[in-house]
Amino acid sequence: MKFDPEEIKKAAKEDFDAAWNRGKEYLTQPTIPDQYPRFKLGYGKPHPIYDTIQKLREAYLHLGFTEASNPLIVEDREIHKQFGYEALAVLDRCFYLAGLPRPNVGISDERIIRIKEIIEVDDAGIDTIRKILHSYKKGEIEGDDLVPEISHRLDVPDSKVAVMLDHVFPEFRELAPIGSNKTLRSHMTSGWFISLGAMVERVRPPIRLFSVDRCFRREQQEDATRLMTYFSASCVIMDPEVTVEHGKAVAAGLLSQFGFEKFSFRPDEKRSKYYIPDTQIEVFAYHPGLVGSSTKYSDGWVEVATFGIYSPSALAQYDIPYPVMNLGLGVERLAMILHNSTDVRALTYPQFPVYENEWKMKDEELAGMVSVEKAPATREGWDIQRAIVRVCEEHGNDASPCEFLAWEGMVMGRSVKVWVSEPEENTKLCGPAAMNHIVVVDGDVLGLPDSPKYEKKFSQGTVANLRYIEAFAALAAKEIESASVNGDATETRVRIVKVPSEVNVKLGPIAQRYITGHKKKIDLRGPVFTTVRSEFN
């Protein structure tokens, strides 16, 4: 909290030690919800796929490649040029683009009557609509400008124009998309031929380019290893002397930058026609997380990349006179290895509940969701809470019957005294579980005493910085605050705790859902046996 430097200097001059000891009075005492780990500085974290993309970009740059951007929309004639008689098989996996046609609508006498029923317009206005629709048909007005243009030219609300178009011109509602010869890039190669063909007359080889970008593939269905849209980290080396050894060197160079040492090269049986025969090589990397999985890669080896030397037959279609080595690396599959994932869908779309089995919460995250049901809201209430805890720490093992004054002061303009007491004989002020800490260990939320027996649990897990006694004291202080309105005496007592709510502890709904869904446990039990009472004067 803010303090007066002049006042501090004066106090220090008079009695330095006293002024120094009073320094803690200026330190704000955080309430339970404001204590770590419930309170902590937040920070963002990257998506695993985009994090991998960024690392791949840096890896390619470290290998001396220059970044490029290839066309994303490719006409199917390019596929025919690159694949020859195999083009149809390739195009079968492509998404073709389609668009809505622009209807040639007329305005009959019947339609004029219906238009005038919806918007206030004269014959000149009808002619304006006719001209605008004609301009739209010719492509002079974009589709998203049609309604605003009519609205502006006729000075009528755009909502009425939209209704008019819908009710009077059913042609707009009945439009069906018409396909084109344009496709979404199914693999980066289709873009590399176009780019290199454009560069060959202007750039002297060797040329080393890379691109990490999205591709689309019309799979029959998505599964644990395949998505219909994915990222390819692709590169090309156009060099008169390039060989398959360049491909191996690039693959090893990339993988070694990610800490991998275990990979292999195998001839690809696909023998794509845009590669020279026997130059098409698959790159495999070993992923322990895939071992025993339900995927086709249950042996732990996953295909990460493919490389080869482009066929002169395909290169010649683009007037490229040099051999080109191309390597394509699957970003998602590499990310699966890096993030120990067995399902690319869960890795890419973790926000969807269907992939909840892949949902992982750290103990620290769970500990941050452990708090109290009720807590004081005033400064006096916080002081009462801390005073109760202090008395229990100092006298918790004192034999009963016993009672200790914990706090005395004003709350809501009323004078109040607060005691911690135990009226029963032959016991103690506090039960043995009163000082239990709440600790999260491997997803389990446990109430444990700070004793050598549980030292390993404390070191393995995350302490929630909340003891039973602190949660109970918060409840007692809250009830005293509430009672101060009418000046009623209070008595707050806790006995044997069987569930968190009995000691004023709560877990956030996300934490509860995670613990339940992952068959973890909440074990906050024990004999607390503590009583707090208050009296107002």
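Guide: In this chat, contact means heavy atoms within 4.5 Å. Helices (H or I, at least four residues) and strands (E, at least two) are DSSP runs, numbered from the N terminus. This is a predicted model: local features need pLDDT of at least 70, side-chain atom pairs count only at pLDDT 80 or more, and totals for chains, interfaces and linings use all residues. Residues are numbered from 1 along each chain as its sequence is written, and side-chain values use heavy atoms, with hydrogens and water left out.

Visitor: Okay, which strands does helix 4 lie across?

Guide: Helix 4 crosses strand 2, strand 3 and strand 4, and runs at about 70° to strand 2. For angles like that, axes are lines fitted to C-alpha atoms, for helices over the stretch in contact, and the angles run from 0 to 180 degrees between N-to-C directions.

Visitor: What order do the strands of that three-stranded open sheet come in?

Guide: The order is 2-4-3, with antiparallel pairing. Strand 2 and strand 3 (96-99) are the edges, each pairing on one side only. Two strands count as paired if DSSP finds at least two bridges between them. Neighbouring strands here are turned by 55° against each other on average, direction ignored.

Visitor: And how many bridges join strand 2 to strand 4?

Guide: Three, and the two strands run antiparallel. Val 74 has Thr 183 of strand 4 opposite.

Visitor: Back to helix 4. Is Gln 82 buried or exposed?

Guide: Gln 82, which lies in helix 4 (residues 76-83), is buried at 2% relative accessibility. The cut-offs are under 20% relative accessible area for buried, over 50% for exposed and in between for partly exposed (1.4 Å probe, protein chains only).

Visitor: What does the side chain of Gln 82 reach?

Guide: The backbone oxygen of Ser 190, at 3.2 Å. Leaving aside neighbours within four places in sequence, Gln 82 also has contacts that include Thr 189, Phe 193, Lys 273 and Tyr 318.

Visitor: Why is helix 11 called largely enclosed?

Guide: Because eight of the 11 residues of helix 11 (residues 189-199) are buried. Among them are Trp 192, Phe 193 and Leu 196. The buried residues of helix 11 pack against several elements, including helix 4, strand 5 (207-216) and helix 13 (312-316).

Visitor: Switching topic: how many disulfides are there?

Guide: Zero, taking a disulfide as a pair of cysteine sulfur atoms within 2.5 Å. The sulfur of Cys 215 is 10 Å from the closest cysteine sulfur, in Cys 94, so that is too far for a bond.

Visitor: Where's the nearest cysteine sulfur to Cys 392?

Guide: In Cys 430, 3.5 Å away, and Cys 392 is in no disulfide. Cys 392 is buried at 1% relative accessible area, and Cys 215 is buried at 0%.

Visitor: What about the four-stranded sheet, what's the order there?

Guide: That open sheet goes 16-14-15-19, with mixed pairing. Its edge strands are strand 16 (462-467) and strand 19 (522-523). Strand 15 (residues 444-448) and strand 19 run parallel, joined by two bridges. Helix 19 (residues 468-483) packs on the sheet, touching strand 14 (437-441), strand 15, strand 16 and strand 19, and its direction makes about 40° with that of strand 16.

Visitor: Last one: where is Asp 343?

Guide: In the loop between helix 14 (331-338) and helix 15 (344-348). Asp 343 counts as buried at 12% relative accessibility. Not counting residues up to four places away in sequence, Asp 343 touches Asp 223, Ala 224 and Met 336.

Key. A polar contact is a pair of N or O atoms within 3.5 Å; within protein, one must be able to donate a hydrogen and the other to accept it, and residues adjacent in sequence count only if both atoms are side-chain atoms.
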